[in-house]
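The exercises below ask you to read one protein chain from its strands and helix to its side chains. Try each task on the displayed structure before turning to the solution.

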Amino acid sequence: MNMTSTVLRSALAAFVCTAIVAITSPAMADMITMKADLKPANEVPPGTGDGKGTVTATFDTASKKLSWQGSYSDLSGPATAAHFHTGVAGKNGGVAVPIFSGAMAKSPFEGSATLTDAQVADLMAGKFYVNIHTATHKAGEVRGQLTQ
C-alpha cells in the first residue's frame, strides 16, 4: 500500500464513523424560556389593586416537561390557587396545569409537569397564561400571558 491509499482509507473510516454517530445520536432538545408578568389589569375582566407577580418557565421540547418558578406579592389576601390556563390574551380559558392550591399557596413557588401534545401546541402558539386566585378574586386576581 502506498501512503496516499493509507491516508484516504483513514479519512474514509473517520468520515463513516462520524456519520454513524451523527445519525444514531438522539437529537438535542431545545430548552425554551418563557415569562409571565402578573397584573390585575391582565385579568378578564380587568381588575384593580396592587397585586403583582412573575413566573419564569422553561420548556424541554424532548421530554415535554414544563418547569416553573414564580413569586407574587401585594394581593388582597392569601393566594388560594394558581394555574396555567389555555387561552389567548383577553380571553378566559380552562385550567391546563395546576401550579398550587390551598396550603401550598406560598411565594415563592416552583414546580413542573409533563405536557400533552395538545398542551404543547397551545404553549408554543402563545395560548398559555398564568393566574393567581384569592378568596376576594375567585376567578383570579393577577394574570399574565406566558411569552418567549
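In these exercises, buried means under 20% relative accessible area, exposed means over 50%, and partly exposed lies in between (1.4 Å probe, protein chains only). Helices (H or I, at least four residues) and strands (E, at least two) are DSSP runs, numbered from the N terminus. The model is predicted, so that local features need pLDDT of at least 70 and side-chain atom pairs count only at pLDDT 80 or more, while totals for chains, interfaces and linings use all residues. Residues are numbered from 1 along each chain as its sequence is written, and side-chain values use heavy atoms, with hydrogens and water left out.

**Exercise 1. The helix H2**

Determine which residues of H2 are buried, and describe how they are arranged around the helix.

Solution. Begin with the accessibilities, which mark Gln119, Val120 and Leu123 as the buried residues of H2. Next look down the axis of H2: the buried residues fall within an arc of 100° (taken over the directions from the helix axis to the C-beta atoms), so they line one face of the helix. Turning to the face away from this buried side, one finds the exposed residues Asp117 and Ala118. Then ask what covers the buried residues of H2; the cover includes E1, E2, E3, E5, E6 and E7. Finally, follow the chain beyond H2 to glycine 126, whose phi is positive, near 80°.

**Exercise 2. The sheet that contains E2**

Work out the strand order of the open sheet that contains E1, E2, E3 and E6, and find its edge strands.

Solution. Two strands are taken to pair if DSSP finds at least two bridges between them. By this rule the four strands follow the order E1-E2-E3-E6 with antiparallel pairing, and the edge strands are E1 and E6 (109-114), each of which pairs on one side only. Neighbouring strands of this sheet are turned by 15° against each other on average, direction ignored (axes are lines fitted to C-alpha atoms, for helices over the stretch in contact, and angles run from 0 to 180 degrees between N-to-C directions). Now count the bridges: E1 and E2 are joined antiparallel by eight, and E2 and E3 (residues 65-73) by nine. Individual pairs can then be located, including aspartate 37 with its bridge partner threonine 54 in E2, and lysine 52 with serine 73 in E3. Phenylalanine 59 likewise stands opposite leucine 66 in E3. The last step is the connection, where E2 and E3 form a hairpin with four residues between them, and lysine 64 in the turn has a positive phi of about 65°.

**Exercise 3. The sheet that contains E4**

Establish the order of the sheet built from E4, E5, E7 and E8, and place H2 relative to its strands.

Solution. The order of this open sheet is E5-E4-E7-E8, with antiparallel pairing. E5 and E8 (142-145) stand at the edges with a single partner strand each, so one side of each is left without a neighbour in the sheet. Between E4 and E7 there are seven bridges in the antiparallel sense, and alanine 81 stands opposite histidine 133 in E7. As for the helix, H2 lies across E4, E5 and E7 and runs at about 95° to E7.

**Exercise 4. Phenylalanine 100 and the core**

Describe the surroundings of phenylalanine 100, starting with its accessibility and ending with the nonpolar core.

Solution. Phenylalanine 100 counts as buried at 5% relative accessibility. Contact means heavy atoms within 4.5 Å, and, not counting residues up to four places away in sequence, phenylalanine 100 touches Tyr72, Ala79, Ala81, Ala82, Ala105, Phe109 and Ile132.

Aromatic pairs come next: rings of Phe, Tyr and Trp (its six-membered ring) pair if their centres lie within 6.5 Å, and planes under 30 degrees apart count as stacked, over 60 as edge-to-face and the rest as tilted. A search of the whole structure finds five such pairs. One of them is the tilted pair of tyrosine 72 and phenylalanine 100, at 6.2 Å centre to centre with 40° between the planes. Tyrosine 72 lies in E3 and phenylalanine 100 in E5, so this pair ties together parts that are 28 residues apart in sequence. Tyrosine 72 is itself buried, with a relative accessible area of 15%.

A nonpolar core is a set of buried Ala, Val, Leu, Ile, Met, Phe, Trp, Tyr and Cys residues joined through side-chain atoms within 4.5 Å. The largest one has 29 residues, of which Leu66, Trp68, Phe84, Phe100 and Ile132 touch the most other members.
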